[in-house]
Structures are given as structure tokens and as C-alpha cells.
Amino acid sequence: MQAISCRKVCKVFGPAAKPIVALQNINLDIAEGEFVTLVGASGCGKSTLLRALAGLESHSSGEIYASGAPVTGPGIDRAMVFQHYSLFPWLDVLDNIKFTRQIAAHIRERTSAEVEMASGRAQALLQVMGLTDAAHAYPNQLSGGMQQRVAIARALMGRPRILLMDEPFGALDAQTREVMHDLILHVSQLERCTVVFVTHDVEEAIYLGHRVVLMAPRPGRIECEYPVPLPELRAQHMKYTPAFLELKSRIIGQIRATSGIKTDSELLEKLARRSA
Amino acid sequence: MSSPESIGQAPAAPRSVSALGLPPPMRRDHQGLWVIRGSMSSRRYWCLAAIGLALPLVGWFALARFGTVNPVFLPGPAAVARSAIHWLTRGNLLDDTRISIYRVVAGWALSALIALPLGLLIGTYRTIQALLEPLTDFIRYMPAAAFIPLVMLWVGIGESAKIAIIFIGTFFQMVLMMAEDVRRVPMAQIEAAQTMGATRAEILEKVILPSAKPALLDTLRITMGWAWTYLVVAELVAANTGLGYAILKAQRFLETERIFCGIIIIGLIGMAMDQIFRLVHRLAFPWLQTRT
């Protein structure tokens, strides 16, 4: 069974006379346990697609299935990690992670033995995420990287089968981001969950993904897909291998070709010529 | 697993400046008197605050003593102090104060009790916002004093009439401010809870309310100040006690020092209440001041 499958998904908004097509005919299958990254120029609808998968945004036509069931709204089988401001600042790190245990939807389906296990799970997640010493700190006291670790741990707490990530490391500095990359790879393998990861950073997309899905704007659509020719277990040095670099330049070239960047560079050339 | 970002402590700052033989950057840079949004030691802050409060007092002294102002227009501080003591010993200053505090707090608490759930709903649901916000916007421009005849007609002239005037003056502003506080809860927090399977009731109770609490408490503090400003208006209604009533009565007999006295006492009570709110804010939300 596919973890996620999209059939002819469209999303249109704005006035009927001048509609904006955010998603046009999206067909996408994601296998269980797969790590898929979505890249593309801004306005290509990658975040909209992810939010539609989460059930946070409705689509105009077509079907989305998650674990075989049609998506009609958010569900506990799909957890989401946002770019920022999603932690609850009035709860400390541990209580943020344990937040799902306050939600009836999670308690309903659990036996008491599982609830007992859940408190162990919060501790385990703290440890995996390197947050043990920060368990009783408030989100305000943490760096951006640490905050995102908490957000990931909180999302994983409810044992989702699918983890949706919307540019989760977009606001982090380059060094922290590299650490987070290895961390999320490690954790997603440990948890055996399916990951859909939205980013505008091509290097990040290749390094993390089994498959890179490239989207293009106006109208938002899937342009093409690239299987990543890297071994399952990733390591930082792979970023400098010819296969990696070649794929990176191909994807960047494709993004340039589909976005408005080309006209911008023409404009720059024209300006340079005039001043010369 | 590698974790170069050591937990809970920032990496040591680079020391390139001292390597060049230059002094380390002055931390005091930010503490000048005229730095935009600069910081200030609490001692200096309270010194300046004391000066700010004392200067008008000194000016008042000087004007009353050396000026040529008729004491009927501007009684000196000594006369006002005498009047206060007279009011306290011969009159019923304490009773007046007590009943005024009761009226203000009751009117304010009643409006808070109703405004809080309404504000939560207006700030959360567009439907309720559309139904109630334009209406509230319309009513809040109506002067509370103009409602006095209606209040007398509807609620009579008892204690509840005074409370009703303070309620009318406070409630409509309070609802709108609380709705705005609720709307400021980051969407990402709400969506995070939604993706964790929270129901609407759970989101209201476990995300929106706790997230908006500090702003709501600030709104309560600010509207308490507004409630006090309606006191004199409220005590226009068939009152025979209260600070506002005392001011009105003193006006009739041209007892300017009594008017000064009443105004100053209201100011002092307001300031004390404001400080209590600030203290509660600090104690209730430790997670707000933890950025160090």
C-alpha cells in the first residue's frame, strides 16, 4: 500500500474571473518508509501541496489518500513540523513533547499499557533528539536549532506513520542545518516513518531524499522527479561526489528554467551593459 | 549520534577583537541615556521615575507658595494634605474609597466575565466576528455618560446603576481588545495542534487560551484603568458616597483642595492596582522573561 497517493489533485483560488492555479493535476505516489523531498521556485505550490496532504488546506478537485484513506482534514496518522513559531511557549520542552497525550484522539486509541509506554517514549525522544538537559527549559530559552528538535520530537510523539515537514530548517544557519540533516535521517530510519519534506534548498533535498520531486510555478505543478543515486546511509562527504554535484546542477538548472529567474538575469545583463 | 551543538550553553564568542590588541566591545554602549530602545539598570530607572513624579510636585509647591495664583483655583500641597487628613478623620474617606473601589472592580469584573468568552469566540470564529464585531464597534463610540438616563430607567438608582455605568464604559472596548489578543495567537501553534488531532474545543482550551493569556491579562490591566475613569460619571447617579461623589460635592462648594485630594487618591489607587497587575503578570508567566 502507498503511504500517500495523489490523483489529479487541483487547487484553485482567487476570483472566478482570474483564478490562481496553485496546484494543477498533481499525481504523486509515495511508498511507505520513503523519504521524498519537494523542491521548486517560490510560488510553485510545494507548501500548498504539503498542507493539503496534512489536511490543513482543502483541494478543489482530485483525491488524496493517506495510508489508503481519503484525506478530509488533519489526522493523527500525519504529523507536521512547521518552519517556526509552532511550539507552545508556555510549556517546557518535555510538556511540549507530551502535548499529544492531552489530546483525546490520541488517548482514545490507546490501552493503559501504551499510555505507560508513552511516558517512556517522551524520555526516549528527548534522548534521541539530544534534549535531555533542556527538558525543563522553555522554548524561548532555546536556539532555533534546538527549538526545531523539540518540534520534531513533539510530532513523533504520537507515532505518526507520515511525517510532513515544511521547510523545517529554513531559518537555521548552515552548520546547525547540517547537524539537523543527519539527525532527521537517523530518526526517520529509527521510526520507520514516511517523510515528505519541503525545501527550497536543492542540496538539502538531494542529501535527505530517496527521491526529489521538482515542482514548477504558474500553474503549480510537478515538473519532474529525480531518484537520488546515493546509498541509503548518507554521510556529509557524499555532497562532494560527482554524482551528487551533477544531480544538483541538473536540478538547479531545471528550477531556473521553470521560474522567473531567467528574466531577472537578462535584466541584470542589460543593466550591466548600460553602465559599461 | 553527533551533536556538536552543546545543550544549554552557547558556543564561546570568537575573540578576534582582542587578538588585534583592541579592547573588547563596550557592553555599556547600550546603556546610554539616549540610546534608542536602550537598556537601563533598574536603579537608574526608578531614580528617573521618582524625579518624574517629584518634579510636578515641586512645581506645584513653588507655584502655590511664590506664585500669585488664587488658592481657590490652585490650592497648595499643604492645603490639600490638610484636607485629606480632615476627610480621613472627620469625614469618611475610607468608606468613600472602599465603595468606589467596589463599584469600579465590580463593573470591571462583570465586563471581564462576559468579555472573555465573547472575545475568545470573536477572535476564533469569523462567523461570530461578523455577527458581533461591527455591532460592538458601533456601540463603543457611544458616550457612557449618555446612558445615565437609560440606566436609571432600566436598573434604577441603586448600587447596580453605578456598576452598570462602569460596565457600559468598559465592556465594549474590552471585548474588542480581547478578540484582538486572541487573533494574535500564531496560526502555526493552532495548526500544530490540529495536525496532532486536537478538536476545536481542545484547541480553544489547550492552545488559544493559554497562548493568549499574557495579552489578555494586559488587557485586563489597561481596562481597569479605563474603568476608574468612569467612576465620576457613575457616581453622578444618585450617589451619596464614593470618591467621585465627593469630588462632585466639593465642586458644588468650591472646595478645590477636596477636588485635588479626590483626584490624587484615585490616581494612587490606580497606580497601585497597575503595579499589582504587573506583578501577577511577572509571576504567572515565567516563560515570557526567560530569554537571557
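This passage describes how two chains meet, one long helix of chain B, and the two domains of chain A. The structure is a predicted model, in which local features need pLDDT of at least 70 and side-chain atom pairs count only at pLDDT 80 or more, while totals for chains, interfaces and linings use all residues. Residues are numbered from 1 along each chain as its sequence is written, and chains are lettered from A and ligands numbered from 1 in the order in which they are written.

The contact between the chains draws on 35 residues of chain A and 26 residues of chain B (two residues are in contact if their C-beta atoms, placed from the backbone, lie within 7 Å). On the chain A side, strand E6 (78–81), helix H3 (104–108) and helix H6 (174–191) each give two or more residues, and H6(A) gives the most, with five. Helices (H or I, at least four residues) and strands (E, at least two) are DSSP runs, numbered from the N terminus.

In chain B, helix H7 (residues 159–183) has 25 residues and reaches 36 Å from its first C-alpha to its last, close to the 36 Å expected at 1.5 Å a residue (1.5 Å times one less than the number of residues). H7(B) bends by about 30 degrees at Thr170(B), the angle being taken between axes fitted to the seven residues ending there and the seven starting there.

Chain A itself is divided into domain 1 (1–77 + 160–261) and domain 2 (85–158), with bounds from an automatic or database domain assignment. Their centres, taken over C-alpha atoms, are separated by 25 Å. Domain 1 of chain A brings 13 residues to the contact and domain 2 of chain A brings ten. H6(A) supplies the largest share of the domain 1 side, six residues.
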